[in-house]
Amino acid sequence: MLAITAFAIHSWTIFNMLVDVPAWILQMNLGELTGAISYSLVYALAETFLVMAGLLAIGFLIPARVRKDNFLLWATLFFLWACGLALAVFQDPTLTFRKQWLARVFVFTYFPLAGGLSLWPALKRGLAWLAERLSLLGWLYLGLDAAGLLIVIIRNL
Amino acid sequence: MLTRREFLKVAAVTGLAGLPASGPLGMMDKPNILVLAFDALSARHIQLYGYPRATMPNLARFAGRSTVFHRHYSTGSFTTTGTASLLTGLYPWSHRALQPNATVLDGLTGQNLFALLAGAGYATLGFSHNLLANILLYQFRGDIREFMLPRQLALVENAVSDRIFWKDYGVAVRAEEASLKPVGQRPNSLLLAGLLQFIQSADEQRVLRQYRDQFPRGLPTNHGMLYRLEDYIDWTIQQVASLPRPFMGYVHMMPPHDPYNPRKEFIGLFEDGYRPLAKPSHHFQEGRDQAFLDEKRTQYDEFITYADAEFGRLVDEMDAQGRLDDTWVIFTSDHGEMFERGIYRHITPTLYEPVVRSPLLVHAPGQSARQDVFAPTSGVDLLPTLAAAAGLPALAWAQGQPLLGPTGVPLMLTERPVFCMDYKGSAKFGPLRKGTSAILRGDHKLIYYSGYDGFDEIYELYDLAEDPEELNNLSEVRPELREDLHSELAEHRDAANFPSKP
């Protein structure tokens with residue numbers, strides 16, 4: 001669960017950092033650039049723990065038999081859907097029309113899909129396969145975070 | 001060494017300007033210095049400089065006991081470049097703070113206004129309301145005795161880096177800006193930014209409700225901080241009264257930088273039907289129609305008047321304290337603002353007069369009459385001028401020159417070009433390839449664009465005496481003058497440029 005959460009959050013962070021890094025390269029030396037990237041990763045790590053805390057809280061509220069079967073897959077689906085939605089929303093610079101429209105799309109598609117996982121074994125298997133692979137990337141991101149955290153600590157000693 | 005004729009001229013001017021005579025300065029006699037920089041204040045919007053609206057009546061009053069520089073130029077078109085030049089006495093192609101949030105070259109960290117005056121026994125104070133300038137002050141913090149953070153006087157704020165990562169604030173704040181900016185601006189940490197915004201919003205609503213009557217358009221804001229200029233002016237008054245003598249304070253106020261949210265009494269002040277001269281759209285136009293620009297211009301003028309009222313309050317208070325008799329007061333700006341050619345504000349590669357012409361007024365201690373200087377001057381002149389005011393010897397490294405002598409007498413300025421530039425597209429540690437630069441010599445101004453896609457090697461040449469609105473490009477009509485100015489511009493740029501990291 002942690003790795004999937006990390007994957008979703010870091011994908012967004014890294015995708016957006018692609019815009020910042022070229023601007024940073026123009027004005028920073030290598031040490032500063034490493035530092036700025038490290039801070040961004042540390043914020044992503046904090047965000048990951050925050051979301052994990054939320055998921056754990058939800059996990060406690062959901063009956064154990066439900067949670068055991070599908071909780072990870074629901075979370076995976078949620079993150080993929082939410083990331084896609086966020087990317088779509090931010091394509092619209094005015095953030096007006098699309099925001100509301102896509103929020104409705106999200107609500108009306110996510111819950112039927114999440115609810116239908118048990119009825120649709122192919123989707124469930126596909127999602128489980130995807131979650132497994134994405135979690136590998138998630139662990140890689142968490143490794144980068146650890147390095148980033150170390151750099152931030154050193155820079156602030 | 002002055003000739004007899006020059007000496008008599010200076011003596012005559014001193015008498016006329018009501019300047020007090022002064023002998024050699026002892027430590028206790030050293031005058032205080034207070035630099036007031038108002039962000040994004042264009043000289044082209046001040047009546048003192050010919051604007052039709054009476055935006056700054058208090059500045060006009062202050063001019064009556066100051067030296068007014070009529071052709072003063074910022075070195076760049078936005079805070080970082082302009083402020084770094086004020087503080088280092090160097091042009092952007094030398095200090096290399098070229099992009100928003102950038103700092104000057106590490107090797108120049110100890111070469112700044114604060115270091116200079118702290119070394120001369122001054123108690124130094126640094127405050128910037130603008131976070132971009134604050135990053136520069138942070139870089140110079142070793143030489144600043146009193147370093148105040150903008151959030152400390154804000155009504156609502158959500159700063160993170162200066163609380164948690166103070167030792168590495170210069171870098172941390174840049175990552176914070178990318179990660180925790182408002183949700184609508186696509187922050188790198190969407191949820192964290194949203195959460196902070198949510199937490200802040202309750203406070204924000206409470207404060208906005210509290211001040212709704214005074215600020216019907218909303219409170220002035222800056223990087224997520226809500227503020228009132230009044231609080232910063234009160235603080236400045238307090239500092240002026242309490243700092244040990246002699247002191248040197250650099251106070252950089254945010255207004256009239258956008259958003260233009262003045263107090264109630266200044267809204268609607270300019271419903272006068274004034275329409276500025278229509279100008280053709282520029283290659284770098286931002287698709288703003290003239291009606292929009294005119295509306296924003298009026299709001300900007302209202303915000304300037306608000307800033308002027310607070311400035312007037314500060315000057316009156318200093319006068320009442322007797323501080324105008326022992327303090328140099330410098331009124332200036334880091335850059336201007338523009339509402340023409342389809343361009344709004346100042347984040348533009350153009351270097352037209354509205355965006356680079358800044359006010360500069362200098363009150364010498366005890367000065368009681370006005371003096372006017374019409375020679376072109378630059379932001380890089382501030383540091384050598386203040387060094388002279390503090391009785392320090394000439395600085396070999398400064399690229400500007402002293403504008404006034406130690407008693408406030410205008411110095412005969414040598415014939416020299418003045419430069420403005422915008423190299424946001426070039427690297428701090430690399431050669432300057434992409435950018436805009438301008439040279440002002442006499443009445444002529446050459447603007448040179450290089451390295452832009454579809455707008456490379458473009459020249460604009462104006463005779464500002466004949467064509468102050470920069471409407472008649474003479475670059476094709478007077479190619480010899482264009483080439484001459486360009487060679488001089490290139491010579492100075494190349495002298496400062498470097499091919500790789502030093």
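## Interface, cores and a buried lysine in a two-chain model

Across the interface of chain B and chain A, 1 salt bridge is found. The model is predicted. The salt bridge joins the side chains of A:Arg155 and B:Asp168, with 2.5 Å from N to O. Polar contacts across this interface number 14 residue pairs, both residues of each being at pLDDT 80 or more.

On the side of chain B that touches chain A, the elements giving two or more residues are helix H7 (161-164), helix H8 (169-179) and helix H9 (190-211) of chain B. H8(B) gives the most to this side, with 7 residues. Sorted by class, the side of chain B that touches chain A holds 19 nonpolar, 9 polar and 9 charged residues.

In total, 37 residues of chain B and 31 residues of chain A take part in the contact. The area buried between the two chains is about 2,800 Å², and carbon and sulfur atoms give 57% of it. Within chain B, the residues that lose the most area to chain A are B:Arg174, B:Arg186 and B:Asn188, which together account for 25% of what that side buries.

Chain A itself has 5 helices and 0 strands, and its elements run α-α-α-α-α from the N terminus on. Of the 157 residues in chain A, 43% are buried. Among contacts in chain A with a separation of 6 or more, 75% are between residues 24 or more positions apart.

The nonpolar interior is described next. The largest nonpolar core has 105 residues, and those with the most contacts inside it are B:Ile33, B:Phe38, B:Leu59, B:Ile330, B:Phe331 and B:Leu361. Helix H11 (residues 290-321) of chain B supplies the largest share of this core, 10 residues. A second core, separate from it, has 36 residues, including B:Trp93, B:Phe419, B:Leu461 and B:Leu464.

Leaving aside residues up to four places away in sequence, B:Phe38 touches B:Leu229, B:Met253, B:Pro255, B:Pro256, B:Ala307, B:Phe311, B:Phe331, B:Thr332, B:Ser333 and B:Asp334.

Helix H6 (residues 131-139) of chain B is mostly covered, with 9 of its 9 residues buried. The buried residues of H6(B) include the polar B:Asn134 and B:Gln139 alongside B:Leu131, B:Leu132 and B:Tyr138. At the N-terminal end of H6(B), B:Asn130 acts as a cap: a side-chain oxygen of B:Asn130 lies 2.8 Å from the backbone nitrogen of B:Leu132.

Where in chain B is B:Lys279 found? B:Lys279 belongs to the loop between strand S7 (247-253) and H11 of chain B. Why does B:Lys279 count as buried? B:Lys279 counts as buried because its relative accessible area is 12%, and buried means under 20%.

Not counting residues up to four places away in sequence, B:Lys279 touches B:Glu340, B:Arg341, B:Glu469 and B:Leu471. B:Lys279 and B:Glu340 are 61 residues apart along the chain, yet their C-alpha atoms are separated by 6.5 Å. The side chain of B:Lys279 makes polar contacts with the side chains of two of the residues it touches, as tabulated below.

| Side chain | Partner side chain | Polar contact |
|---|---|---|
| B:Lys279 | B:Glu340 | 3.1 Å |
| B:Lys279 | B:Glu469 | 2.7 Å |

Methods: Residues numbered from 1 in each chain as written. Chains lettered and ligands numbered in written order. Predicted model: local features only at pLDDT ≥ 70, side-chain atom pairs only at ≥ 80, totals over all residues. Heavy atoms only, no water. Core = buried A, V, L, I, M, F, W, Y, C linked by side-chain atoms within 4.5 Å. Buried < 20%, exposed > 50% of the residue type's maximum accessible area, 1.4 Å probe, protein only. Helix = DSSP H or I, 4+ residues; strand = E, 2+ residues; numbered from the N terminus. Contact = heavy atoms within 4.5 Å. Buried area = accessible area lost by both parts, 1.4 Å probe. Salt bridge = Lys/Arg side-chain N within 4 Å of Asp/Glu carboxyl O. Polar contact = N/O pair within 3.5 Å; in protein donor to acceptor, adjacent residues only side chain to side chain.
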